[in-house]
Structure formats: structure tokens, C-alpha cells
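Hi everyone, thanks for coming. I'd like to walk you through a structure that may be new to you, so please take a look at it with me.

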Amino acid sequence: MKTKFLKIVLILFAIPAFSQELLPFVENFTKSDYNGDNQIWNSTQGNDNAMYFANNHYFLRYNGVKWEKYTLPNKTVIRSIFADGDKIYCGSYNEFGFWKRKNGKMEYFSLSNNKNIFNDASDNEEIWKIFKSNNTIYFQSFNQILLFKDNTIEQIKIPFQISYCFVVNKSIYVASVKNGVYIFDNKKFTKVDRWSNLENTIIHYIAANKNDIYIFTQKNGVFIDKNGALTVWQNPLNQILKTQIIITAKFIDANNVAIGTNSNTTLKEKFELVK
């Protein structure tokens, strides 16, 4: 029986010419176009169809015609953004809140200011990821999770250092840097014991696809939880990914996934391995 491999699309922003071969239309923008910094930390699309970007010190909005640029009141680096309804939630250094459009401009509303959240010396935190689960907005740093629901904020200290949180099949998976992966539920962290092989492994993406869970590690390629057992992804491309540093990934649909790595080499021949 012929094995049907998952088709992989590797998108590297350092290789715009290759990206144009994969997509029907690509428009590139330089920092002179949007009048901002080089680094884009995060992006999201609002319910107004505009695209929003966490661009280092700037919050950018692009509606397909016009770029708008904003800064936080404290001028700190914006690490994460997340669209929910008419709000664009935003995370920065010792600061989080949301942007909302009023009178044709984006206005910022802080949720952390004067809340005594970052008072301790150990609480010099940056909010690296924002996500939603069970009608709750989560603001995640590497050491704590802040829950925002019904206009109240709850602070949960994480007893270990983490990389990121991921919502998979309505569960919140917390990837630690050294101790493996935990499920965060009812304010408790429960270790996923069957994933013990992932200890001392940095994870940059976890997602369900069909009946399996895929785990994309920074330096050790991809693993699959299949029928309750963790195995190495048996795809020829995985051997190539083990030589790369995986920065991010995203399933586009059931048969396609986009993977971003630190590679600066052409990957056309690697893509053809699983065409």
C-alpha cells in the first residue's frame, strides 16, 4: 500500500522569489512602505478584514490601501497581538491591553496599568503569546499566564519556564523548556507522561490534524501522537527539518502545513520531496 505523505509548504521570508512560486500573488512591503522597524513579531486579521502587525515598537494596521502606525503609551516593544471581535489584544513588556477603532483611528486601552501585576522584581515580563479558550483571553509570558474574563484578571504563576501555550482539541498544552509538556486545566498543570521523550526539548508548535497531534520542536524535527503513543514523524522531510531550526508552523488545512525555519537556502528541492 502506498503511503500518502502530508504535503509541506515551507515559507521563508528570506526567499520572496520562492514564495511567489507557491502562491498565486505575493506583494512585498519594506519598512519604508509602512514606516516602521524590520522585525515583525506577530500578525493577526481583524473582523474588519484589515491586517495588524506587532512591528517591534509599533502597532501597524493595513487595510489593503493604507498603512497606519501606532505606539503604546510606554513605547515598549510589542511582542504579541490577537484579534477577537472588534478588539485587537496586545502584549508588551510589563504591559497588556487591547486596541479598538474609534473615530477612524486605533485607540489603546490598558488592562494591566495600575493593577499591581508586575510589581515584583521577578515580574519583569514580556507577553509573548495571546490566545482564547472557553471565552477567556490568555496573556502568556515565559513564567506566568494571565486570564482575562468578565473584566477581571487572574494571575497564574508557572512553576517552570515555558516556551509557548497551544490550544489543541479544547485543551491548553503548556510546553516547558526542560520538563516536557503539561496540560493546564482548572489552574493546575498536569504533565503529559506519554510525551516524556520531549523533555529538554524546546517546542514551537503543537496542533491536531485529523486524529493525530503533531509536535514541532525547535531542533529535533517533528513528532506525532498517534493512537496515544508518541513517535517520530515518518516523513522524508523530517530528516531535513532536523537540520533546521523550526521557528513556527501552522496547519493551513488537513493536507497542508506551513513551516518557518531559520534557513537561508533555497528549499525548492526539499518541497519537491513530498509533492
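Let me begin with one term: pLDDT is the predictor's confidence in each residue, on a scale from 0 to 100. We need that term because what you see is a predicted model. Across the protein the average pLDDT is 86, and 85% of the residues score at least 70. Two stretches deserve some caution, though. Residues 1-21 stay under 50 in pLDDT, and the model has 57 contacts for them beyond four places in sequence. Residues 265-275 are also below 50, with 23 contacts in the model beyond near neighbours in sequence. Where pLDDT is low, the predicted coordinates should not be read in detail.

Now to a sheet. Which order do the strands take in the open sheet of four? The order is β10-β11-β12-β13, and the pairing is antiparallel. At the edges stand β10, residues 129-133, and β13, residues 152-157; each has a single partner strand, so one side of each lacks a neighbour in the sheet. On average, neighbouring strands here are turned by 20 degrees against each other, direction ignored. As a general reminder, strands of a sheet pair through backbone hydrogen bonds, either parallel or antiparallel. Taking one pair, β10 is joined by five bridges to β11, which covers residues 136-140, and the two run antiparallel. To find one of these bridges on screen, look for K132, whose partner in β11 is I137.

Let's move along the chain to β14, residues 162-168. Five of its seven residues are buried, so this strand is largely enclosed by the rest of the structure. One residue to look at there is C165, which is buried because its relative accessible area is 0%. Five bridges connect β14 with β15, residues 171-176, in an antiparallel arrangement; for example, I162 has S176 as its bridge partner in β15. The two strands form a hairpin with two residues between them, and N169 in the turn has a positive phi of about 50 degrees.

Another hairpin links β22 to β23, again through two residues. Here β22, residues 246-253, pairs with β23 over six bridges in the antiparallel sense, and A249 has I259 as its partner in β23. How many of the six residues of β23, residues 256-261, are buried? Six of the six are buried, so the strand is mostly covered. From β23, N256, A258 and G260 point one way, while V257, I259 and T261 point the other way, and all are buried.

A few single residues to finish. N55 sits in strand β3, residues 51-55. Is N55 buried or exposed? With a relative accessible area of 0%, N55 is buried. Beyond its neighbours within four places in sequence, N55 has contacts that include Y34, D37 and L60.

T30 lies in the loop between α1 (16-22) and α2 (31-34). Its relative accessibility is 44%, so T30 counts as partly exposed. The side chain of T30 also makes a polar contact of 2.7 Å with the side chain of S32.

Last, a word on cysteines. C90 counts as buried because its relative accessibility is 1%. A disulfide is a covalent bond between the sulfur atoms of two cysteines. How many disulfides does the count give? With the sulfur atoms required to be within 2.5 Å, the count comes to zero.

Conventions:
Residues numbered from 1 in each chain as written. Predicted model: local features only at pLDDT ≥ 70, side-chain atom pairs only at ≥ 80, totals over all residues. Heavy atoms only, no water. Buried < 20%, exposed > 50% of the residue type's maximum accessible area, 1.4 Å probe, protein only. Polar contact = N/O pair within 3.5 Å; in protein donor to acceptor, adjacent residues only side chain to side chain. Pairing = 2+ DSSP bridges. Axes fitted to C-alpha atoms, helices over the stretch in contact; angles between N-to-C directions. Contact = heavy atoms within 4.5 Å.
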